[in-house]
Number of protein chains: 2
Amino acid sequence: MNSEFTIAVHSLVLLAYRPDHMATSDMIAHNVDTHPARVRKVMGCLRKQGYVTTKEGSGGGFALNCRPDEVTLAEIYRATSFGSIKPSWCSGNLEEDCLVACNMTEVMDHIFTEAEEQMLMYLQRLTIQDVLERVLAKQQRES
Amino acid sequence: MNSEFTIAVHSLVLLAYRPDHMATSDMIAHNVDTHPARVRKVMGCLRKQGYVTTKEGSGGGFALNCRPDEVTLAEIYRATSFGSIKPSWCSGNLEEDCLVACNMTEVMDHIFTEAEEQMLMYLQRLTIQDVLERVLAKQQRES
DNA sequence: TCAACTGTTATTATTATAATTACAGTAAGC
DNA sequence: GCTTACTGTAATTATAATAATAACAGTTGA
């Protein structure tokens, strides 16, 4: 699976956690441990879907624009990584005179699509708030 | 996701389809459209789990050693690609003095594990026989 | 003893992914 | 208006994951 989903979820959880619900790409990038340009790319995607707003120029950055307890990981997955369950390589050989060789590509493709839908049913039940709470709960157990 | 799962399923479906339930790595490789050595590697894994038997030497090859209607894709996934849902890259920064940065890695890891379990519940409902039937059904619709 | 196989490892090629650089555009504050 | 601190985006480079290939020892049947 594509790691832009991870970056998107991490960024939203971070924004939800911060008292002012704001951060710059530099701050997020340090927190996530990646490059600011990559964060901006992923956040651009979240902005288009309305999950965050951005403010350009000095003093700018990203701000949460949704309720963390209403946004599910399924939405974020669809927005960032839809279809990434399926491996890019696929089997099958149309040259062969064999039903299996000719049709397996499409049949497996269909299976991966259904498997992804099933996974989305799980992600549907998890919100950004839930993830934040898991983070906080984990800390409490350890302290 | 790892494509060895695809190769394993394709190979088992092919064996189930063939009247003698046998094939060499060359034959499977042509059908799947990959290299025979790769097929042998995947089949080695299936042999260890008892899904196929192999016969070395001249006239040898692979033979199905299970009932196609009893083997589920979940088993094959576990045998070949367990854990491959999770991206190798992960977010988080232990250097940061922030709960989110420090704990997100583990929390996301847990989420990917659960998502994979959910996907496995779907693969549990599909057998090699079901896949073969989808292949055959597809052909009938098109002819 | 030859030919046709598997088993396995090592090497190379290819592709996917992530990091980095670069720079135009925007807004705030002096 | 100028400087500074940001975003947006594209192009390039680096790295890692994946697949293909080659090579060869071991096995078996004819």
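Two rings of Phe, Tyr or Trp pair if their centres lie within 6.5 Å. I start my notebook with that rule, since the first entry leans on it. I also note at the outset that this is a predicted model.

**Entry 1: aromatic rings**

I searched the whole structure for aromatic pairs and found 4 over all chains. I looked first at A:Phe5 and B:Phe112, whose ring centres are 6.1 Å apart. Their planes stand at 65 degrees, so I wrote this pair down as edge-to-face. The pair crosses between chains: A:Phe5 belongs to helix α1 (residues 4-17) of chain A, and B:Phe112 to helix α5 (residues 99-123) of chain B. I checked exposure too, and both A:Phe5 and B:Phe112 are buried.

Next I turned to A:Phe112 and B:Phe5, another edge-to-face pair, with 6.1 Å from centre to centre and 70 degrees between the planes. Here the link runs from helix α5 (residues 99-123) of chain A to helix α1 (residues 4-17) of chain B. A:Phe112 has a relative accessibility of 5%, so I count it as buried. B:Phe5 is buried as well, with a relative accessible area of 1%.

Which residues do ring pairs link into a cluster with A:Phe5? I found A:Tyr77 and B:Phe112 there, joined to A:Phe5 through ring pairs.

**Entry 2: arginines over tryptophans**

I then looked for charges placed over rings. The charged end of A:Arg38 sits over the ring of B:Trp89, at 5.2 Å from the ring centre. I also found B:Arg38 over the face of A:Trp89, with 5.2 Å to the ring centre. I kept B:Arg38 and A:Trp89 in mind, as both return in the next entry.

**Entry 3: DNA strand D**

I counted 24 residues around DNA strand D. The closest are A:Ser25, B:Ser3, B:Thr34, B:Arg38 and B:Gly57. Of the strand D atoms that come within 4 Å of the protein, 69% are accounted for by sugar and phosphate.

Which part of DNA strand D lies 2.4 Å from an N or O atom in the side chain of B:Arg38? I found a phosphate oxygen there. For A:Trp89, a side-chain N or O atom is 3.5 Å from a sugar or linking oxygen of DNA strand D. B:Glu56 also has a polar side-chain atom 3.0 Å from a sugar or linking oxygen of this strand.

I sorted the surface near DNA strand D by class and got 4 nonpolar, 12 polar and 8 charged residues. At least two residues each come from α3 (36-48), β2 (52-55) and β3 (61-64) of chain A, and from α3 (36-48) of chain B.

**Entry 4: DNA strand C**

I repeated the look-up for DNA strand C, which 24 residues surround. A:Ser3, A:Thr34, A:His35, A:Arg38 and B:Ser25 are the closest. Sugar or phosphate supplies 68% of the strand C atoms within 4 Å of the protein, and bases supply the rest.

I found a side-chain N or O atom of A:Glu56 at 3.1 Å from a sugar or linking oxygen of DNA strand C. Two base contacts caught my eye. A polar backbone atom of B:Gly57 is 3.2 Å from a base oxygen, and a polar backbone atom of B:Ser58 is 3.1 Å from a base nitrogen. The elements that give two or more residues to this surface are α3 of chain A together with α3, β2 and β3 of chain B. By class, I noted 4 nonpolar, 12 polar and 8 charged residues near DNA strand C.

**Entry 5: the strands**

I went on to the strands in chain A. There β2(A) and β3(A) run antiparallel and are joined by 4 bridges. A:Thr53 has A:Ala63 in β3(A) as its bridge partner. The two strands form a hairpin with 5 residues between them, and A:Gly57 in the turn has a positive phi of about 80 degrees.

In what order do the 3 strands of the open sheet in chain B stand? I read the order as β1-β3-β2, with antiparallel pairing. The edge strands are β1 (22-23) and β2 (52-55), each pairing on one side only. β1(B) and β3(B) pair over 2 bridges, and B:Met22 stands opposite B:Ala63. β2(B) and β3(B) pair over 4 bridges, with B:Thr54 opposite B:Phe62. Their hairpin has 5 residues between the strands, and B:Gly57 takes a positive phi near 80 degrees in it.

Conventions: Residues numbered from 1 in each chain as written. Chains lettered and ligands numbered in written order. Heavy atoms only, no water. Near = heavy atom within 4 Å. Polar contact = N/O pair within 3.5 Å; in protein donor to acceptor, adjacent residues only side chain to side chain. Nonpolar A, V, L, I, M, F, W, Y, C, P; charged D, E, K, R; others polar. Phe/Tyr/Trp six-rings, centres within 6.5 Å; stacked < 30°, edge-to-face > 60°. Buried < 20%, exposed > 50% of the residue type's maximum accessible area, 1.4 Å probe, protein only. Lys NZ or Arg CZ within 6 Å of the ring centre and 35° of its normal. Pairing = 2+ DSSP bridges.
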